[in-house]
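Student: Got a minute to go through this one with me? I'd like to start at the surface and then get to the contacts.

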Amino acid sequence: MICRYNRAQWVRAGFALVGGLACFFLAYLFFRYLPAFVAWQLGCPWNPVPAWIVTALGLGAVAFSGYRIWRAGGGLQGYHESALYHNLGDTAGAFVVDHYVHRITAPAHVLSQLFLAGPLLLLRVPTLIASLIPDNHDLENRLQSTLVTLREVNKWQAITEHPALHAEILYLAQMGLIDFSSRTEIPRIKARSSHGD
């Protein structure tokens with residue numbers, strides 16, 4: 001049980017690391033080449049120094065924005081939740097304007113979320129690694145025993161009904177093997193049905 005959970009956390013951390021680096025690399029390509037290409041198209045080709053300055057500023061802004069979102073407990077957001085989404089109304093004119101404006105704001109939203117995924121995924125890696133559970137035989141046996149006890153009860157109950165099992169209950173909740181509700185003053189728990197743990 002612990003081994004399977006820890007293995008899943010390592011796999012998630014690996015995917016987050018690879019995904020974060022890939023998103024940062026895409027942001028690098030965007031900031032390194034697109035502004036220089038636009039300047040070249042306008043007849044003002046850049047030498048490498050301004051291109052690298054723009055790249056560094058762009059990546060710095062992405063990293064800082066991602067860090068701020070992560071610190072606030074946020075994450076990536078859907079298009080309808082973003083500041084780029086708008087709804088001008090139900091009239092025919094508003095519908096036409098919405099249609100054309102969404103052709104610009106929707107790709108901008110996709111790019112912003114793709115670039116922010118870089119720092120957000122990389123910042124998730126240490127969190128996933130920190131959530132690993134000590135893998136020892138005694139703890140494994142205690143978790144199995146606690147899970148059996150909670151499944152026998154088979155109802156929502158206050159965590160205070162098991163004062164000697166708080167650590168085990170929190171580990172089981174972390175592993176997703178029991179439901180944990182903190183909506184009330186005293187957290188409540190309920191074991192999930194058996195699915196080959």
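Tutor: Sure, let's begin with Phe37, which is found in helix α1 (residues 2-41). Helices here are DSSP runs of H or I with at least four residues, strands are E runs of at least two, and both are numbered from the N terminus. This is a predicted model, where local features need pLDDT of at least 70, side-chain atom pairs count only at pLDDT 80 or more, and totals for chains, interfaces and linings use all residues. Residues are numbered from 1 along each chain as its sequence is written, and side-chain values use heavy atoms, with hydrogens and water left out.

Student: Is Phe37 buried or partly exposed?

Tutor: Phe37 is partly exposed, at a relative accessible area of 43%. Buried means under 20%, exposed over 50%, and partly exposed in between, using a 1.4 Å probe and protein chains only.

Student: Which residues make the nonpolar surface patch?

Tutor: Leu34, Phe37, Val38, Trp40 and Leu42 make that patch, about 530 Å² of it. Patch residues have over 30% relative accessible area and no salt bridge; nonpolar side chains (Val, Leu, Ile, Met, Phe, Trp, Tyr) are joined within 5 Å, like charges within 9 Å. The areas come from the Shrake-Rupley method with a 1.4 Å probe, and for residues only the protein chains shown count as cover.

Student: OK, new topic. How many salt bridges are there?

Tutor: Two. The rule asks for a side-chain nitrogen of Lys or Arg within 4 Å of a carboxyl oxygen of Asp or Glu.

Student: What does Arg142 pair with, then?

Tutor: One partner is Asp138, with the closest N and O atoms 2.7 Å apart. Those two sit four residues apart in helix α4 (residues 137-153), so about one helical turn separates them. Arg142 also forms a salt bridge with Glu168, at 2.7 Å from N to O. That second pair links distant parts of the chain, since Glu168 is in helix α5 (residues 166-174), 26 residues away. Shared partners join Asp138, Arg142 and Glu168 into one network.

Student: And which of Arg142, Asp138 and Glu168 are buried or partly exposed?

Tutor: Glu168 is buried at 7% relative accessibility. Arg142 is partly exposed at 34%, and Asp138 is partly exposed at 48%.

Student: Last thing: how do β2 and β3 run?

Tutor: Antiparallel, with four bridges joining β2 (residues 178-181) to β3 (residues 188-191). Strands count as paired if DSSP finds at least two bridges between them. Ser181 has Arg188 as its bridge partner in β3, and the two strands form a hairpin with six residues between them.
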